[in-house]
Amino acid sequence: MSELPSAPTAPAQAAEPLVLSSAHAGVLTLTLNRPAALNSFTTALHAELLAALDAAAADPAVRCVVLTGAGRAFCAGQDLADPAVAPQAGAAPKDLGDVIERWYAPLCLRLRSMPVPVVAAVNGVAAGAGASIALGCDMVVAARSASFIQAFAKIGLLPDSGGTWLLPRLVGRARALGLALLGDKLGAEEAQRMGLIWQCVDDEQLQPAVRALATRLAGMPVKALVGIRAALDEALLMDWEDALANEAAQQRRLGSAPDYREGVQAFAEKRAPQFQDR
Ligand code: T3D
């Protein structure tokens, strides 16, 4: 049998990354990039985001991470059409606990244990796990047109990705329950007013405001900033005496790091400090 020449194949198209990454002056910006599905999470997006965060954590040049979304949304939570998790007619229910243990919990733990501050730049709607993930970042800046939706109850679920932990701590039990039970859209201005987020800015100011904030954080002693994050979270679970003891232990650790020496020396010499620790 004669061999036929094989048909020409189209050049392989590089798939668009699900997480866009750009670095400037110590600030790494990670952009969730599934705009047609409002940056909702598939397992592939989870995998790319975790890998990007792991790489940032290991890179000494990264001193602040910004998380944002492409297009008109920050993130609409779980992709409800993803066959890996969506209920299928006639099939046994998917084990959502597995999905959370495999993907969402590691992501939340990764974000909370980053060795640098993490800023959420909420450019549009943040719903379901998307809202929890934004609120779990160290500082949340939102565009005035952005919104936060605890969408879980509307589909028969409860707030995950840290939502049950974060909401009452951020806004108190009454508001946490109101937000989580009703799942209504909460505008960015109101979110700032009730203390759910750090700041709401005009839409066209979101990028410059986040850039300025992230650059400022990157120039600070990030080892201390991360210690502050941990100590505040830990103190919520401690009594007064234990919090004082923890402060002493953490201050002992930070006080022996080069950044403390540099900070005090720069103060004495009336110059800007150059912090290096991570
Ligand atoms: O594994 C597990 O399930 C457990 C973990 C759960 C964690 C969770 O996050 S549960 C909560 C899941 N998220 C939601 O329930 C939110 C669903 N989305 C919405 O309620 C609305 O889309 C928004 C309020 C976020 C925005 O509304 P709107 O009117 O601005 O946009 P839209 O027209 O609804 O959506 C635009 C497109 O994005 C649309 O696609 P189309 O019709 O243009 O092809 C829509 O289907 C798609 N989209 C939005 N959210 C999701 C989504 N596709 C898949 N999954 C989504 N979550």
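User: What makes the largest nonpolar core, with its 70 residues, a nonpolar core?

Analyst: In this predicted model, the 70 residues, among them Leu30, Leu49, Val65, Val122, Phe148 and Leu196 with the most contacts inside the core, bear that name because a nonpolar core is a set of buried Ala, Val, Leu, Ile, Met, Phe, Trp, Tyr and Cys residues joined through side-chain atoms within 4.5 Å, where buried means under 20% relative accessible area with a 1.4 Å probe and protein chains only. Helix 1 (residues 43-58) gives the most to this core, with seven residues. Local features need pLDDT of at least 70 and side-chain atom pairs pLDDT 80 or more, while totals for chains, interfaces and linings use all residues. Residues are numbered from 1 along each chain, and side-chain values use heavy atoms, without hydrogens and water.

User: Why is the pair formed by Arg72 and the ligand called a polar contact?

Analyst: A polar side-chain atom of Arg72 lies 2.8 Å from an oxygen atom of the ligand, and a polar contact is a pair of N or O atoms within 3.5 Å, so the pair qualifies. A backbone N or O atom of Ala129 likewise lies 2.8 Å from a ligand oxygen atom, and a polar backbone atom of Ala76 is 2.9 Å from a ligand nitrogen atom.

User: How are the residues of the shell around the ligand divided?

Analyst: They divide into 15 nonpolar, four polar and three charged, where Ala, Val, Leu, Ile, Met, Phe, Trp, Tyr, Cys and Pro count as nonpolar, Asp, Glu, Lys and Arg as charged, and the others, Gly among them, as polar.

Notes:
A polar contact is a pair of N or O atoms within 3.5 Å; within protein, one must be able to donate a hydrogen and the other to accept it, and residues adjacent in sequence count only if both atoms are side-chain atoms. Buried means under 20% relative accessible area, exposed over 50%, partly exposed in between (1.4 Å probe, protein chains only). Helices (H or I, at least four residues) and strands (E, at least two) are DSSP runs, numbered from the N terminus.
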